[in-house]
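Colleague: Got a few minutes to go through this model with me? Give me the reasoning first and the answer last.

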Amino acid sequence: MNALTLIIITILVLVLAYRYYGCFIAAKILTIDANRQTPAHELNDGRDYIPTNKWVVFGHHFAAIAGAGPLVGPTLAAQYGYVPGFLWLLIGAVLAGGVHDMVVLFASIRHKGRSLAEIAKDEVGQTTGAAASFAVLVIILMTMAGLAIVIVNALFKNAWGTFTVTATIPIAMFIGVYMRYLRPGHIGEASIIGTVLILGGVVLGPVVKASAWASLFIFSEIQLKLLLPAYGFIAATLPVWFLLAPRDYLSSYLKIGTIAGLALGIFIVRPEIQMPAFTVFTAGGGPVIPGPVWPFLMITIACGAVSGFHALIGSGTTPKLVDNERDILIIGYGAMLTECFVAVMALIAATSLHPGDYFAINTSAAVFPSLAAMGYTVVDLPQLSAMVGEDVAHRPGGAVSLAVGMASIFAGIPGLKHLMSYWYQFAIMFEALFILTTIDAGTRVARYIVQDLFGKVYKPFERVNWWPGVIFTGAVVSFVWGYLLYGGNISTIWPIFGVANQLLATLALCIGTTIILKKTKSTTYSLVTFLPMIVLFITTVTAGSMSILNTYLPKGMLVNAVLMALMITAVVITVVDSSFKWYKFIQQAKPK
């Protein structure tokens, strides 16, 4: 199978889905009103609620939702072959993920930019609100820890990559000041300057690596596990215009540009997909993911198909920035489809490696010999390691194999092979930016939720601009996910993150079904959220139960088992509680 075929299919499906399905939901089901005042105008405070250009909001939203999930998830799921992941990405994004994101964003805007938990309380009841609050907090903590561990594995003892990623922070701050005070409204100008500066960081990387300054950018795993939560705290407490929005905006177009460049590279190089359509691991027992393709594919590929984490952004920072309701379609549905395209590119980059090379990177030195005995032998890995200037073998987690795959495709373009090390470090920076922008927004959203909870005890906490509350809750959230990061690794964090993510998506679709039934009184229209909710509910509860019984309890991981069980319980409570609401709305809609 040639990778070009997969790209063409992806583009056709996503364009048609946006033009017809997305527009239908926006116009007929949600009935978006361009004349209705959004919270950004109604509650404009110059800090969190700010009417913002739709392309800046799109950039922020896309950067915030597109963390490591659409990169790492498809890469890890490649162990099943390329067909299962490819099909789930397209089907999931069009029928579940895009709908999920657009409905949640619409609901939050209509509820003055409030969080998903607050919406659940208003639309369903106190019980569902409490269950949603618990689920939301758990998924944020798991997401921050799960994504941060990917950065740790990619950047430790890598001065070039660390310098490049670190440089994006002051660059974003400068662009934030530039767009707000120096040259307001000159978005294109700021974009060009910011992009040039970020690319300059990549170019200067080898100079820094070879200089006396290199030691300042070489960190151990432990040091990075301490620095990342500190960064999350700073990003969550600074004004949104100063770091979060400009950095997300700049990184989003850098990401989109990189993915477009990768697609162009695939058009030029036309790499063959080396991984078979299905592998022997579809029945289970794989070295990367131990479970069978169903239900574990859908909890491994979360972002890129459908992701509960998106509900946190769609009911967190984004609705406070939307200038006009007509922007909901491009920001909600459009950004999700863009992320799907990113995920397909990641899947292609990973599966274009020889299977033996792929498994050699994504498994430990102790596990790989058993795979070699099955025929998965190394082909190009020694040459690839020499070309990128690092030993890339046995670095599991997905980030390194993806970077190697991307670099290989770029280096295959005539005249660019000698730049392989640059492409590799650029890909590492590219992945790290995805993750850091999610940490930016995710920590801030968690701060909002904790402030809401503390506000029940002490009212000033409910004010999102009350500085003592901002600093205290930001520190609490950063400490908790930092603690999980410090004591965890990819194998212990990612599975429970995947289940929590999909359970939260189930919960959000459940609330969306309630809102659509209440708004339209149409059982037919409510199917757009109800059907994907049922699929996710059955799949994720099965995966969670299997993880508890087959992995966590046998290994004595009681904390993981308890958290998983509590999350499943919270979602079951939400579905049951919502069912009574649905029955009431359906009965009211019947002709008397």
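Colleague: Is F341 buried or exposed?
Modeller: F341 belongs to helix α14; helices here are DSSP runs of H or I with at least four residues, strands are E runs of at least two, and both are numbered from the N terminus. Buried means under 20% relative accessible area, exposed over 50% and partly exposed in between, using a 1.4 Å probe and protein chains only. With a relative accessibility of 17%, F341 counts as buried.

Colleague: What pLDDT do side-chain atom pairs need in order to count?
Modeller: Residues are numbered from 1 along each chain as its sequence is written, and side-chain values use heavy atoms, with hydrogens and water left out. This is a predicted model, so to speak with strings attached: totals for chains, interfaces and linings use all residues, local features need pLDDT of at least 70, and side-chain atom pairs count only at pLDDT 80 or more.

Colleague: Back to F341, then. Which residues does F341 contact, leaving aside neighbours within four places in sequence?
Modeller: Contact is heavy atoms within 4.5 Å. On a C-alpha to C-alpha basis, F341 is 7.7 Å from G304, which is 37 residues away in sequence. With neighbours within four places left aside, the contacts of F341 are I7, T10, I11, L14, I259 and A263.

Colleague: Which helix gives the most to the largest nonpolar core?
Modeller: A nonpolar core is a set of buried Ala, Val, Leu, Ile, Met, Phe, Trp, Tyr and Cys residues joined through side-chain atoms within 4.5 Å. The largest one has 198 residues, and I140, M345, I348 and Y424 touch the most other members. With 19 residues in this core, the top contributor is helix α14 (residues 328-351).

Colleague: How many residues are in the second, separate core?
Modeller: Its members include F163, V208, A214 and F217. The count for this second core is 5 residues.

Colleague: How many disulfides does the structure hold?
Modeller: A disulfide would need two cysteine sulfur atoms within 2.5 Å. C23 can't manage that, because its closest cysteine sulfur, in C340, is 17 Å away. For C340, the nearest cysteine sulfur is that of C303, at 12 Å. The number of disulfides is 0.

Colleague: What is the angle between the ring planes of F24 and Y525?
Modeller: Rings of Phe, Tyr and Trp (its six-membered ring) pair if their centres lie within 6.5 Å; planes under 30 degrees apart are stacked, over 60 edge-to-face, and the rest tilted. F24 is in helix α1 (residues 3-29) and Y525 in helix α22 (residues 523-552), so the pair ties together parts 501 residues apart in sequence. The centres are 6.0 Å apart, and the pair is edge-to-face with an angle of 75°.

Colleague: How is the pair of F359 and Y376 classed?
Modeller: F359 and Y376 are both buried. Because the ring centres are 4.9 Å apart and the planes meet at 65°, the pair is edge-to-face.

Colleague: Where is D101, and is D101 buried or exposed?
Modeller: D101 is part of helix α5 (residues 82-110). Beyond four places in sequence, D101 touches I65, S307, H310, G332 and M336. At 3% relative accessibility, D101 is buried.

Colleague: How far apart are the end C-alpha atoms of helix α3?
Modeller: The expected span of a helix is 1.5 Å times one less than its number of residues. Helix α3 (residues 54-65) is mostly covered, with 10 of its 12 residues buried. Its 12 residues should span 16 Å, which agrees with the end-to-end C-alpha distance of 16 Å.

Colleague: Which two residues does a cis peptide bond join?
Modeller: The proline involved lies in helix α12 (residues 293-300). Omega is about 15° for the cis bond between W294 and P295.

Colleague: What is the phi of K112?
Modeller: K112 is in the loop between α5 and α6 (116-123), and at 41% relative accessibility it counts as partly exposed. K112 is not a glycine, yet its phi is positive, at about 60°.
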